[in-house]
Amino acid sequence: MRIGDAAAAAGTTPRALRLYEQRGVLPPPRRTPAGQREYGPREIARIRLVRQLLALGLTIEDVARCADRLDLLEGDTLPPYGSPGCTGGSGVVQRRIAALDAEIARLTDLRDRLASSVAERPGTDQSRSQA
């Protein structure tokens, strides 16, 4: 199937497929004699896995770091974390969780400082600050 059909089947866009290929997340697909990209069921399954990983908060760079191991997974569904298909990882998930934890802490601190700067100030409307 051509890039537009493959993108639709995987729930994404042709532009995203080109980006995944450029970033090393997808290997270059087969080409027709006319030079058009062709995708099969295996490539569609890989694209769906990539989309799941991105939806979980990994970046394209994170996925590219472990792209060589995506073929070890079967189908288009991620195995449970810690299962045989997830062992021997490079720590990509642990690093992303740590980065997310740090960002949550930073945003929580920012929110708390903002809330305390407007709380209980004379002349402020409490109902507006709580909305």
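This is a short chat about helix α2 and its surroundings in a predicted model.

Colleague: Before we zoom in, what elements does the protein chain have?

Modeller: You'll find six helices and two strands, and from the N terminus on they run α-α-β-β-α-α-α-α.

Colleague: Why is α1 called roughly perpendicular to α2?

Modeller: Look at the angle: helix α1 (residues 3-10) and helix α2 (residues 14-22) pack at about 95°, with their axes 8 Å apart. Angles of 65 to 115 degrees count as roughly perpendicular, so that label fits α1 and α2.

Colleague: Which residues make the contact?

Modeller: On the α1 side, Ile3, Gly4, Ala6 and Ala7; on the α2 side, Pro14, Leu17 and Arg18. By class, that's five nonpolar, one polar and one charged.

Colleague: What makes you say the buried residues of α2 line one face of the helix?

Modeller: The buried ones in α2 are Ala16, Leu17, Tyr20 and Glu21. Seen down the axis of α2, they fall within an arc of 140°, so they line one face. Over on the other side of α2, Arg15 and Gln22 are exposed, which means their relative accessible area is over 50%.

Colleague: And what covers the buried residues of α2?

Modeller: The cover includes α1, β1 (30-31), β2 (37-38), α3 (41-55) and α4 (60-65).

Colleague: Where does Gly24 sit, and what phi does it take?

Modeller: Gly24 comes just after α2, with a positive phi of about 85°.

Colleague: How much of the protein chain is buried?

Modeller: Buried residues make up 26% of the 131 residues. To count as buried, a residue needs a relative accessible area under 20%.

Definitions and conventions: Residues are numbered from 1 along each chain as its sequence is written. This is a predicted model: local features need pLDDT of at least 70, side-chain atom pairs count only at pLDDT 80 or more; totals for chains, interfaces and linings use all residues. Side-chain values use heavy atoms; hydrogens and water are left out. Axes are lines fitted to C-alpha atoms, for helices over the stretch in contact, and angles run from 0 to 180 degrees between N-to-C directions. Helices (H or I, at least four residues) and strands (E, at least two) are DSSP runs, numbered from the N terminus. Angles under 35 degrees count as roughly parallel, over 145 as roughly antiparallel, 65 to 115 as roughly perpendicular and the rest as oblique. Contact means heavy atoms within 4.5 Å. Ala, Val, Leu, Ile, Met, Phe, Trp, Tyr, Cys and Pro count as nonpolar, Asp, Glu, Lys and Arg as charged, and the others, Gly among them, as polar. Buried means under 20% relative accessible area, exposed over 50%, partly exposed in between (1.4 Å probe, protein chains only). The arc is that of the directions from the helix axis to the C-beta atoms.
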